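Let's take a walk through a structure together. Keep the 3D view open and turn it around as you read.

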Amino acid sequence: MSAVPTDPRTVAEQVTDPELPTLTLADLGVLRDVRTGDDGAVVVEITPTYSGCPAMGVMRADLLRALHEAGFDDVDVRTVLSPAWTSDWISAEGRRKLAAAGIAPPGSAPVRPDGPVPLQLGPPRRTAACPLCGSADTEELSEFGSTACKALRRCRSCREPFEHVKEI
Amino acid sequence: MHEETVYDALTNAHGEAGHWAFGTGFDDPLAGVDTTVPDGIDPADLGAYCLMLGDDALVLAQRLTQWITRAPELEEEVAIGNIALDLLGQARLLLARAGSVGVLGRSREQATATIPDEDALAYFRDVDEFRSTALVAAPDADFAQAVVRLVAASTVRLAVFTRLRSSRDPVLAAIAAKGVHELAYHRDHAARWVLRLGDGTEESHRRARSAVEAVWPLLADLFTATDVEERLAAAGVAVDPAAVRDEVRDVLTQVLERATLPVPAWPAGAPPRGRLGEHGPELAELLGILQGLARQHPAATW
């Protein structure tokens with residue numbers, strides 16, 4: 001065990017996302033809480049971005065390992081499902097890092113009223129500026145990309161394809 | 001013990017069960033979630049209802065993945081893979097919820113003790129213990145049928161999940177609230193394909209029209225409540241499927257009309273079948289593929 005453990009929150013906040021390694025779990029809004037109980041046990045709460053997010057197990061393993069290495073032996077990583085994650089929880093810092101990595105950050109998440117979700121039959125209305133050249137003249141190639149949280153777009157100015165974290 | 005690598009952490013966290021790809025104690029989708037059943041809710045009914053919703057998602061996810069490598073566009077294979085993954089995630093949460101209230105059917109008699117509940121339920125229940133509807137089990141004759149079925153199934157599921165967000169079971173409510181975001185994407189994506197095919201070429205129109213004729217009869221038993229759903233709906237836990245029928249009909253009619261497809265007569269209501277474990281041979285065949293590896297090699301690692 002290390003001599004003097006640092007704050008467990010500081011340690012947990014440095015753990016990066018397995019699929020977007022330039023962002024931390026805190027940047028993504030996946031890390032919901034870090035607290036230390038009276039008995040010294042550390043409780044970490046994380047929430048999945050999507051129900052089928054295959055990275056949850058790796059996130060837990062990474063958090064456990066980082067905290068163990070920092071000298072916290074008693075760590076419990078818990079899932080919280082409510083309230084459901086939305087892309088609005090990605091921090092300003094997270095958005096800056098996404099853009100720097102060539103991934104367009106999401107716009108505002110759609111408001112989900114209590115009643116029925118209206119059918120959206122037109123082409124998806126979302127827009128995103130090209131993270132490579134900055135042009136606003138981009139088009140969506142596919143609503144679904146390499147991971148559940150991203151869509152695929154192409155810039156009409158520089159012709160480069162890029163990924164876009166979807167609003168959800 | 002401090003895990004040296006992610007792999008070690010995943011495989012060592014719970015000893016023998018670590019080789020299961022999903023659902024080890026370490027990777028339990030409900031790890032840390034309070035799974036206490038609120039007062040006044042029958043756990044057996046709650047578990048049975050979670051199996052209905054979970055099996056629909058599991059079976060549809062399996063059907064969808066059969067399109068990977070066969071879809072008309074590479075992007076569509078990625079889309080279908082993502083939609084199936086969302087549904088598989090919903091299935092995992094719902095089967096884990098059923099397991100958390102002790103509803104495991106005969107799966108525990110067949111599965112080894114180290115296998116977590118959600119895997120036991122997915123891999124070691126026989127076909128008559130599945131509670132999915134015929135709509136999700138039907139094989140697809142072509143891609144048109146795949147997207148027509150997907151728009152129908154996701155419209156029904158979205159209508160149910162929007163209401164379930166206020167379920168008295170907080171776990172079910174949380175799963176539903178999360179699922180609503182995903183299902184809205186699935187439904188709209190499938191609906192745009194129906195528009196593209198219906199209002200496309202002569203051939204795509206013909207195929208879309210045949211698909212609608214094949215899928216519509218599968219809606220017949222979807223809106224008839226089982227006894228479990230009736231009791232749970234009265235208790236504020238479940239949604240009475242009859243309550244979503246008009247909304248589903250309006251949405252699907254809107255899609256077909258925009259797609260220039262004839263709207264078939266709405267099928268007359270029929271008693272529930274799949275929800276009671278009565279299935280055609282297509283589900284047994286699907287489960288044979290889904291469950292084959294786990295049953296033949298219960299200790300396999302991957």
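Here is a tour that goes from chain A to chain B and then to the place where they touch. One thing to keep in mind is that this is a predicted model.

Start with chain A. Its C-alpha atoms fill a box of roughly 55 × 40 × 25 Å, taken along the principal axes. Chain A has four helices and seven strands. If you follow the sequence from start to end, they come in the pattern α-α-β-β-α-β-α-β-β-β-β. Of the 168 residues in chain A, 40% are buried. You can also ask how far apart in sequence the touching residues are: among contacts in chain A with a separation of 6 or more, 55% join residues 24 or more positions apart.

Now split chain A into pieces. The domain assignment gives domain 1 as residues 8–79, while domain 2 is written in two parts, 90–110 and 125–165. Measuring over C-alpha atoms is how the model's geometry gives 26 Å between the centres of domain 1 and domain 2 of chain A. Where these two domains touch, ten residues come from domain 1 of chain A and ten from domain 2 of chain A. On the domain 1 side, you'll find four nonpolar, four polar and two charged residues.

Next, look for a sheet in chain A. Which strands make it up, and in what order? It's an open sheet of three strands in the order β1-β2-β3, with mixed pairing. The edges are β1 (31–36) and β3 of chain A, each of which pairs on one side only. Going from one strand to the next, the twist averages 15°. In general, strands of a sheet pair through backbone hydrogen bonds, either parallel or antiparallel. Here, β2 (residues 42–46) of chain A pairs with β3(A) in the parallel sense, over five bridges. To find a spot on β3(A), look for A:R78, which has A:E45 standing opposite. There's a helix to spot here too: α3(A) lies across β2 and β3 of chain A and runs at about 155° to β3(A).

Time to move to chain B. This chain has twelve helices and zero strands, and its pattern along the sequence is simply α-α-α-α-α-α-α-α-α-α-α-α. Chain B has 302 residues, and 55% of them count as buried. For contacts in chain B with a separation of 6 or more, 71% are between residues 24 or more positions apart.

Let's zoom in on one pair of helices. Packed helices are described by the angle between their axes and the distance between the axes. For α7 (residues 143–164) and α11 (residues 245–258) of chain B, the angle is about 145° and the axes are 9 Å apart. Their crossing is right-handed. From α7(B), the contact uses B:V151, B:A152, B:T155, B:V156 and B:A159, and from α11(B) it uses B:E247, B:V248, B:V251, B:L252 and B:V255. Sorted by class, the residues of this contact are eight nonpolar, one polar and one charged.

Last stop: where the chains meet. Here 34 residues of chain A are in contact with 44 residues of chain B. On the chain A side, α3 (56–69), β3 (75–79) and β5 (138–142) each supply at least two residues. Which element of chain A gives the largest share? That's α3(A), with ten residues. The side of chain A that touches chain B has 17 nonpolar, nine polar and eight charged residues. So you've met α3(A) in two places: lying across β2 and β3 of chain A, and supplying residues to the side that touches chain B.

How values were computed: Residues numbered from 1 in each chain as written. Chains lettered and ligands numbered in written order. Predicted model: local features only at pLDDT ≥ 70, side-chain atom pairs only at ≥ 80, totals over all residues. Domains from an automatic or database assignment. Contact = placed C-beta atoms within 7 Å. Nonpolar A, V, L, I, M, F, W, Y, C, P; charged D, E, K, R; others polar. Axes fitted to C-alpha atoms, helices over the stretch in contact; angles between N-to-C directions. Left-handed = near helix turned anticlockwise from the far one by under 90°. Buried ≥ 20, exposed ≤ 12 C-beta atoms within 10 Å, placed from the backbone. Pairing = 2+ DSSP bridges.
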